[in-house]
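Student: I would like a close look at a single part of this protein. Please take the strand pairing, then set it against the whole chain.

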Amino acid sequence: MSSSSTAVRELQRDLENKANDLSKLQKDIAKNHQVRKKYTIQLGENELVLKELDLLNEDANVYKLIGPVLVKQDLAEANANVRKRIEYISAELKRLDASLQDLEEKQYSKREAILKVQQRIQSHQAGKAKA
């Protein structure tokens with residue numbers, strides 16, 4: 001058994017590991033997109049609620065759904081709760097964006113590494129074909 005075929009096998013094993021890592025990164029990116037979509041929908045809903053609350057008079061009755069029960073809530077308290085929720089969701093979206101950028105950078109570098117290993121395998125095989 002030649003050292004060249006051993007080297008090619010090692011490179012193929014390395015390639016397989018890198019491909020598995022890339023697959024995991026792609027799953028993480030897809031998961032990030034799913035969570036981001038959920039938060040984006042929630043942000044839109046909460047912004048709509050805030051607009052509706054802003055239209056109300058100060059003496060208007062506001063109710064909050066807690067389980068199966070509607071509980072009367074102070075307008076100012078409801079307004080503050082919705083603003084806090086919007087703030088939280090916006091912060092989560094920023095965090096997800098940063099995480100996504102990091103994952104995409106890792107994905108890019110992993111693809112580059114895979115290409116280099118593939119080129120090394122091809123050059124080994126081309127060298128074997130000449131021999």
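Tutor: Here is the strand pair, followed by its setting. The model is predicted.

Start with the pairing itself. Strand β1 covers residues 62-66, and strand β2 covers residues 69-73. The two run antiparallel. They are joined by 5 bridges. One of the pairings puts K64 opposite V71 of β2 as its bridge partner. In a regular strand, side chains alternate between the two faces of the sheet.

Now the turn. The hairpin of β1 and β2 has 2 residues between the strands. In this hairpin, G67 adopts a positive phi, near 65°.

Next, the setting. Along the sequence the order is α-β-β-α. The protein is more spread out than a compact globule, because its radius of gyration is 27 Å, well over the 14 Å that the globule rule gives for 131 residues. In total there are 2 helices and 2 strands. The C-alpha trace spans about 90 × 25 × 15 Å along the principal axes.

Burial and contacts come next. Of the 131 residues, 24% are buried. Take the contacts between residues at least 6 apart in sequence: 77% of them join residues at least 24 apart.

Last, the surface and the charges. The protein exposes about 9,700 Å², and carbon and sulfur atoms supply 53% of that area. There are 24 positive and 20 negative charges. Their mean positions lie 11 Å apart.

Key: Residues are numbered from 1 along each chain as its sequence is written. This is a predicted model: local features need pLDDT of at least 70, side-chain atom pairs count only at pLDDT 80 or more; totals for chains, interfaces and linings use all residues. Side-chain values use heavy atoms; hydrogens and water are left out. Helices (H or I, at least four residues) and strands (E, at least two) are DSSP runs, numbered from the N terminus. The radius of gyration is taken over C-alpha atoms; the globule rule is 2.2 Å times the number of residues to the power 0.38. Buried means under 20% relative accessible area, exposed over 50%, partly exposed in between (1.4 Å probe, protein chains only). Contact means heavy atoms within 4.5 Å. Accessible areas come from the Shrake-Rupley method with a 1.4 Å probe; for residues, only the protein chains shown count as cover. Lys and Arg count as positive and Asp and Glu as negative; His and the chain ends are not counted. The place of a charge is taken as NZ of Lys, CZ of Arg, CG of Asp or CD of Glu. Two strands pair if DSSP finds at least two bridges between them.
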